[in-house]
Amino acid sequence: MGLIDIIGLTKNYGEGAKAVAALRGVDLSVEAGEIYGVIGLSGAGKSTLIRCLNRLETPTSGQVIVDGRDLTAMSEAELRLARRDMGMIFQHFNLLSSRTVADNVAFPMEIAGRSKVDIMKRVMELLDLVGLADKAGAYPAQLSGGQKQRVGIARALANSPKILLCDEATSALDPQTTQSILGLIQSVKDHLGLTVVLITHDMRVITEICDRVAVMEDGLVVEQGPVFDVFTRPRHQVSKAFIEVVISRKDDSGAWGYVPRGLLTQVLFLGPSAEDPVISEVVRRFEVKPNVLQGRISHIKGRPFGIMLLDLTGAPEDCRRAVEYMRSLNLVVEVLNDVQHG
Amino acid sequence: MFSTGSNLWLMIWPASWETIYMVSIATVVTTLLGVPLGVVLVVTRQGHIMANKLVNRLVGLPVNFIRAIPFPIFILFVIPITRVLTGTSIGPNGVIVPLSLAAIVFMARLAETAMLEVPYGVIEAAISAGANRRQIIWHVLLPEAGSGLILSVTILVVTLIGYSAMAGLVGGGGLGDLAVRYGYYRYRADVMWVCVIILSFVVQALQNFGEALARKYNRR
Ligand SMILES: Nc1ncnc2c1ncn2[C@@H]1O[C@H](COP(=O)(O)OP(=O)(O)OP(=O)(O)O)[C@@H](O)[C@H]1O
Ligand SMILES: [Mg+2]
């Protein structure tokens with residue numbers, strides 16, 4: 001059992017013939033203290049899923065169990081209390097334009113009926129935490145996107161929730177501001193022991209801060225697991241397509257007029273095996289000549305791994321055995337031009 | 001015989017007070033009833049916090065119905081209601097009732113438009129924070145629409161001044177009525193001119209004041 005358990009969740013918009021099935025049976029479990037990422041193409045149902053977590057959207061069937069309590073069975077009043085344990089931030093920030101930064105952060109506490117003195121103290125604490133203490137009296141319209149999202153985060157954390165929900169929280173921000181907001185999410189998560197569920201289109205958000213990831217397509221979770229595993233050994237087509245952003249799988253050697261003569265092979269060196277002289281070992285053992293077309297180091301959540309693109313020439317049988325051998329060393333090997341070589 | 005000058009101001013003063021009396025009472029009544037009605041029109045819309053097709057239709061229907069009736073006809077039409085509410089159907093008090101009734105639905109639509117400007121995402125943020133419906137209306141919808149509502153009330157007052165001129169129909173009095181009676185029927189161009197100048201000056205001043213106030217509260 002995780003902190004959040006989603007069981008058989010479905011959501012239809014509309015009824016009858018016009019109904020749209022946005023979620024078609026999603027099972028997910030989010031552990032306390034992790035950052036769980038959800039990725040998928042537009043319309044896959046990511047927003048619907050996260051909005052079911054605080055019941056901004058009422059599921060059609062299935063259960064959402066948060067901290068042992070079934071949200072789908074709660075009354076309106078119970079739900080309002082439960083929502084105070086979950087902060088949410090949005091792509092377009094959704095700040096109250098008529099309130100100052102400080103009063104925006106105060107809002108959830110006013111709603112909860114906390115005392116003025118309490119609220120003032122907590123607001124200053126939170127603004128310090130997100131680095132906006134000097135903007136307490138400013139109005140949202142006077143802030144940059146990144147600053148607005150910081151206010152959004154401070155507001156989401158006002159009632160000391162256990163869970164932070166982020167629906168494309170960095171999609172409206174430039175890459176540098178995205179980095180700083182991700183850094184902030186990571187640090188408040190560590191500081192306050194939060195559990196974070198975040199949704200994004202952006203691969204880099206996942207590789208930067210997520211522990212685990214779910215890939216969604218057409219209302220279903222098609223693949224999930226630790227980010228490093230899903231990224232280095234994607235099984236589903238959608239995952240592969242996403243991961244291309246981080247690990248280029250495309251054969252762009254053609255761009256400089258190179259025509260591969262053998263097996264175009266991509267090898268991922270994950271962790272320790274990177275130190276072994278794999279390539280020379282391959283040359284020694286098999287009758288093949290690897291031509292190194294590309295090699296670089298990439299990171300997933302601070303964990304480095306190497307990517308190498310080889311043109312493996314030799315007899316087809318030898319090439320195949322060389323690939324088998326590399327796989328046996330626990331390297332992730334993919335042949336990109338398998339068609340010609342059968 | 002009175003001199004023209006004193007005669008003129010003896011007519012203008014009471015008429016001015018009649019206008020102020022009618023318009024200010026109608027403004028207060030209309031705002032107090034029209035804005036809540038506007039809130040109902042907004043929150044019962046599809047996908048809003050108290051979505052309810054039936055209530056939305058039921059409230060929207062008379063709103064559109066009253067707006068469709070020309071005001072002079074409406075004054076005559078509601079005379080029975082006016083009698084019940086104010087005990088008379090003539091004079092300034094006889095005008096306030098039809099004026100307010102017609103303006104309430106006008107105000108409801110203006111307020112609705114102002115509140116529809118509030119992005120629904122902001123309301124969702126409040127819902128996620130655990131706000132109930134009352135809190136959303138009082139702490140989100142109304143303050144966020146504040147600037148637009150101030151402009152709506154400005155338009156309301158200006159419109160009420162214009163409509164109060166038709167009060168002559170039931171002997172309501174006021175500057176507009178004076179201008180029509182003396183300026184048109186009795187060929188007193190001076191009376192008409194003074195009324196027109198005062199009215200346009202007041203309307204312009206109110207418009208400027210309302211816009212300045214709305215700007216002050218607009219933080220977007
Ligand atoms: N309020 C709604 N009414 C009707 N259909 C909706 C509604 N919200 C979402 N949908 C539909 O449900 C499906 C899933 O939408 P959802 O917003 O969850 O996708 P998403 O993965 O968040 O996409 P994006 O990346 O574009 O934000 C889509 O087909 C969408 O058109
Ligand atoms: Mg979305």
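This report describes a predicted model, beginning with chain A and going on to ligand 1, the salt bridges and one helix of chain B.

**Chain A as a whole**

Chain A has 342 residues, and 52% of them are buried. Its secondary structure comes to twelve helices and 14 strands. Measured out along the principal axes, the C-alpha trace spans about 80 × 50 × 35 Å. The accessible surface of the chain is about 15200 Å², and carbon and sulfur atoms hold 51% of that area. Counting contacts in chain A between residues at least 6 apart in sequence, 68% join residues at least 24 apart.

**The surroundings of ligand 1**

There are 13 residues around ligand 1, and those that come nearest are Ser42(A), Gly43(A), Lys46(A), Ser47(A) and Thr48(A). By class, the shell is made of six polar, five nonpolar and two charged residues. Two elements of chain A, strand S2 (20-30) and helix H1 (46-53), each supply at least two residues of this shell. H1(A) gives the most, with three residues.

Several oxygen atoms of the protein or nitrogen atoms may serve as partners in polar contacts; the table lists three contacts made by an oxygen atom of ligand 1.

| Residue | Part of the residue | Distance to an oxygen atom of ligand 1 |
|---|---|---|
| Ser42(A) | N or O atom in the side chain | 2.4 Å |
| Gly45(A) | polar backbone atom | 2.9 Å |
| His201(A) | N or O atom in the side chain | 3.1 Å |

On its own, ligand 1 has 630 Å² of accessible area, and the protein covers 60% of this.

**Salt bridges**

Over all chains, the structure holds 18 salt bridges. One of them joins the side chains of Glu57(A) and Arg51(A), with an N to O distance of 3.0 Å. Both of these residues, Glu57(A) and Arg51(A), are buried.

Another salt bridge in chain A is formed by the side chains of Arg204(A) and Asp202(A), at 3.1 Å from N to O. Is Arg204(A) buried or partly exposed? Arg204(A) has a relative accessible area of 46%, so it counts as partly exposed, a class that lies between the limits of 20% and 50%.

In chain B, Arg109(B) forms a salt bridge with Glu112(B), and their closest N and O atoms are 2.8 Å apart. Both residues lie in helix H5 (residues 91-116) of chain B, three residues apart, which is about one turn of the helix. Arg109(B) has a relative accessible area of 18% and is therefore buried, since the limit for a buried residue is under 20%. Glu112(B) is buried as well, because its relative accessible area is 6%.

Salt bridges can also share partners: Arg51(A), Glu57(A) and Glu124(B) are joined in this way into one network. The network thus includes the pair Glu57(A) and Arg51(A) described above, together with Glu124(B) of chain B.

**Helix H9 of chain B**

Helix H9 of chain B covers residues 175-185. Which of its residues are buried? They are Leu175(B), Gly176(B), Asp177(B), Leu178(B) and Ala179(B), followed by Tyr182(B) and Gly183(B). Just after H9(B) comes Tyr187(B), which takes a positive phi of about 55°.

Terms used
Residues numbered from 1 in each chain as written. Chains lettered and ligands numbered in written order. Predicted model: local features only at pLDDT ≥ 70, side-chain atom pairs only at ≥ 80, totals over all residues. Heavy atoms only, no water. Near = heavy atom within 4 Å. Polar contact = N/O pair within 3.5 Å; in protein donor to acceptor, adjacent residues only side chain to side chain. Areas by Shrake-Rupley, 256 points an atom, 1.4 Å probe, with all protein chains shown as cover. Helix = DSSP H or I, 4+ residues; strand = E, 2+ residues; numbered from the N terminus. Nonpolar A, V, L, I, M, F, W, Y, C, P; charged D, E, K, R; others polar. Buried < 20%, exposed > 50% of the residue type's maximum accessible area, 1.4 Å probe, protein only. Contact = heavy atoms within 4.5 Å. Salt bridge = Lys/Arg side-chain N within 4 Å of Asp/Glu carboxyl O.
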